[in-house]
Amino acid sequence: MRALLPAHPDFPARRWALFFLFAWGLAGRPATAAEPTSAFDASDEESFVVDALWAKYKALPADKRPKTALVLGGGGARGLAHIGVLKVLRREGVPVDMIVGTSVGALVGALAAAGVPTEEIERMGSDVGWAHLTDLSKSGIVKLLVSEELLSTNKMEEYLRRRFGDKTFADLKIPFACIAADLRTGERIILREGSVALAARASATMPGVFKPVSYRQRWLVDGGIVDNVPTDVAKVLGADVIICVNVPPDLTNNSSSNVLTTLNQALYIQGQVIADERLALADVLIEPRVKDVNAFELWKSEECMKAGEEAARRALPGLRRTLVGKFFKAGAK
């Protein structure tokens, strides 16, 4: 038997594990009337196998396992749920080889890629407010309506620089990309070089309220207009496995009682068709239960981060099966 199942040089007894894994099936064996379930049934067997292989998978060097991308979608305050997801992934040792984000996903993604500790990102999420990030305030809204002068997101860039300095994309611990839209041409712009703080700010600058960000002869605004969940970018950048965190609203519950919420809802509807196509590319989809949170309700940060943690915990068993299964399928080729 040993001669038929030699050990793989990159992973001990790899072919034996492959046989064992798929013999039982990643989805488990359904019980039949002729085969009653026992205290240790198929789901227990599956969990046992996956848990054993998961411990070994995490210990593999990056070049010996599938390249995993974490894609963080846009959604304003709802995107604070990304912090809760990140907390669980880091705690469980889930390997992340690249991060791609849009809008608030770009902000959280930049912090994570720069190596900012989870605890600090969580504190930032708890304390964050529009006054820290923009000129958005009651007086600012009056100024916007009376003078038609757009507000600024300069504070957002400064806020990020205070957390990780003047890092460029080349300085980051984890490869990172973020998405913005060119207001003049409507093009999707993938930002992968230069100042990380400037790029993340551009990705999260809502048009119609905030001034576009000047970048290399372009006027950049929120990437959610053109690609709110950029799974396709992760695929192009070489990801073998895509973990996508999506934070869509419940459009029927969102208020349309003022300029900001109405504009935000219109922009989200515009990008929803594209988002549905992008979600199909995800191998693991995590959707925190934050649909009732308005994009501007930053004061609900604790609620959103908790929802992110809960969603990530629910997704962990499937995530482990996906990563382990992808590794052994690749090894069987």
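Is R216 buried or exposed? R216 is exposed, because its relative accessible area is 53%, where exposed stands for over 50%, buried for under 20% and partly exposed for what lies in between, with a 1.4 Å probe and protein chains only.

## Basis of the model

This is a predicted model, in which local features need pLDDT of at least 70 and side-chain atom pairs count only at pLDDT 80 or more, while totals for chains, interfaces and linings use all residues. Residues are numbered from 1 along each chain as its sequence is written, and side-chain values use heavy atoms, with hydrogens and water left out.

## The chain as a whole

The protein chain has twelve helices and eight strands; helices (H or I, at least four residues) and strands (E, at least two) are DSSP runs, numbered from the N terminus. Of its 333 residues, 52% count as buried. Among the contacts with a separation of 6 or more, 77% join residues that are 24 or more positions apart, a contact being defined by heavy atoms within 4.5 Å.

## Helix α4 and its surroundings

Helix α4, residues 104-113, is mostly covered, with ten of its ten residues buried. Before α4 comes the loop that connects it with β2 (98-102), and S103 is found in this loop. Although S103 is not a glycine, it has a positive phi of about 60°, and its relative accessible area of 7% is why it counts as buried. After α4 follows G115, where phi is again positive, near 85°.

Helix α3 (residues 81-91) packs against α4 at an angle of about 30°, the axes being 10 Å apart; here the axes are lines fitted to C-alpha atoms, for helices over the stretch in contact, and the angles run from 0 to 180 degrees between N-to-C directions. The crossing of α3 and α4 is right-handed, a term for a near helix turned clockwise from the far one by less than a right angle, as opposed to anticlockwise for left-handed. H82, I83, L86 and R90 of α3 make the contact with V104, G105, V108 and A112 of α4. By class, this contact has five nonpolar, two polar and one charged residues, where Ala, Val, Leu, Ile, Met, Phe, Trp, Tyr, Cys and Pro count as nonpolar, Asp, Glu, Lys and Arg as charged, and the others, Gly among them, as polar.

## Aromatic pairs and a charge over a ring

A search of the whole structure finds three aromatic pairs; rings of Phe, Tyr and Trp (its six-membered ring) pair if their centres lie within 6.5 Å, and planes under 30 degrees apart count as stacked, over 60 as edge-to-face and the rest as tilted. The pair of W54 and Y57 is stacked, because the ring centres are 5.6 Å apart and the planes are at 15°. These two residues are three apart in helix α2 (residues 42-59), so they are separated by about one helical turn. W54 counts as buried because its relative accessibility is 5%, and Y57 is buried because its relative accessible area is 1%. The rings of F169 and F176 are also stacked, because their centres are 5.7 Å apart and their planes at 10°; both F169 and F176 are buried. Ring pairs join W54, Y57 and F327 into a cluster.

In helix α8 (residues 154-164) is Y159, which counts as buried because its relative accessibility is 7%. R163 lies over the face of Y159, at 4.2 Å from the ring centre; a charge sits over a ring if NZ of Lys or CZ of Arg is within 6 Å of the ring centre and within 35 degrees of the ring normal. Y159 and A197 are 38 residues apart in sequence, yet their C-alpha atoms are 8.5 Å apart in space.

## Buried residues with contacts far in sequence

R201 belongs to helix α9 (residues 196-203) and counts as buried because its relative accessibility is 10%. With neighbours within four places in sequence left aside, R201 is in contact with L107, S152, T153, N154, M156, E157 and V213.

T68 is in strand β1 (residues 68-72) and is buried because its relative accessible area is 1%. Its contacts, apart from neighbours within four places in sequence, include Y57, P95, V96, V241 and L323. From T68 to G238 the separation is 170 residues in sequence and 8.9 Å in space, C-alpha to C-alpha.

## The loop with R216

R216 is in the loop between β5 (213-215) and β6 (218-222). Its phi is near 50°, a positive value in a residue other than glycine.
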